[in-house]
Amino acid sequence: MTCRHCIDAADLFGDSMARHELKRYRRRGPSRTTRLLLEGLRRHELEGLELLDIGGGVGALQHELLESGARSAVAVDASPAYLAAAETEARRRGLEGRVLYRYGDAVELADDLPQVDVVTLDRVLCCYPDMPALVAASVGRTRKLYGLVFPRESWWVRIGVAAINLMEWARRKAFRVYLHGVSRIEDETARHGLETAYRRRTWLWEVRVFRRPSEASPPTSEG
């Protein structure tokens, strides 16, 4: 089966962008929203936990969480270039052997992905057309925590998304950005039995950590 989403992602997130992102990560560390997501996850005990990082790019979350005590990680990405960059960085940090790399669409791969303690999707929902399908496929893999970064609902974000999509259309590219809506995403996570443990907000992004009700959590944070 041809993965249409994989073709689109590989076209946009290719070798040049992967090299640029890896260089930036090595120089400056995780982006602000990734740091906020890490902050929310680190409020919980990470020692010995297993991670599934979907659309993890050059692997910032994988590397940071493994170095914070997580035992192992599975990285799923629709961009071969980003998977290669993440693996290169893992070797550089001495983390090789602790990450399994899987190429493809997480929805199509869902039945073959392991049950883990933590699932993360950092700026991934906005790249996927069928948000409920991706949430269902990924939520079903976590035993404890579920971390998301996705666009805010605001007029300036809507204008930005429209501009990006117009540019992609003009370039005859199939890739689109999707603004699924905060309330719809919250409804989907709640439908799968999760509750909010942590939330922060930047000018453009919502950062959330959800938990299973049995997972003890510190008070929710609002930014």
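**Charges and cysteines, checked against their cut-offs**

User: Why is C126 called buried?

Analyst: C126 has a relative accessible area of 5%. Buried means under 20%, exposed over 50%, and partly exposed in between, counting protein chains only as cover with a 1.4 Å probe in the Shrake-Rupley method. So C126 counts as buried. This is a predicted model, where local features need pLDDT of at least 70, side-chain atom pairs need pLDDT 80 or more, and totals for chains, interfaces and linings use all residues. Residues are numbered from 1 along each chain as its sequence is written, and side-chain values use heavy atoms, without hydrogens and water.

User: How do you know whether C126 and C127 are bonded or unbonded?

Analyst: A disulfide is a pair of cysteine sulfur atoms within 2.5 Å. The C126 sulfur has its closest cysteine sulfur in C127, 4.3 Å away, so the two are too far apart for a bond. C127 is in no disulfide either. The whole structure holds zero disulfides. C127 is also buried, at 17%.

User: What makes R26 and E89 a salt bridge?

Analyst: The term needs a side-chain nitrogen of Lys or Arg within 4 Å of a carboxyl oxygen of Asp or Glu. In R26 and E89, the closest N and O atoms are 2.6 Å apart, and the pair qualifies. R26 sits in helix α2 and E89 in helix α5 (residues 80-92), so the bridge ties together parts 63 residues apart in sequence. Helices here are DSSP runs (H or I, at least four residues), numbered from the N terminus. E89 is buried at 0%, while R26 is partly exposed at 39%. Both belong to a salt-bridge network with E67, R92 and R93.

User: How do you know that E87 and R91 are about one helical turn apart?

Analyst: They are four residues apart in helix α5, which means about one helical turn. Their side chains form a salt bridge, with N to O at 3.9 Å. E153 and R158 form another, at 3.6 Å. The search finds 17 salt bridges in total.

User: Why are K23, R27, R28, R32 and R35 called a patch of positive charge?

Analyst: Patch residues have over 30% relative accessible area and no salt bridge, with like charges joined within 9 Å. Lys and Arg count as positive. R32 shows the area test: at 49% it is partly exposed, so it clears the cut-off of over 30%. R32 lies in helix α3. Helices α2 (15-28) and α3 (32-41) each supply at least two residues of the patch. Helix α2 gives the most, with three.
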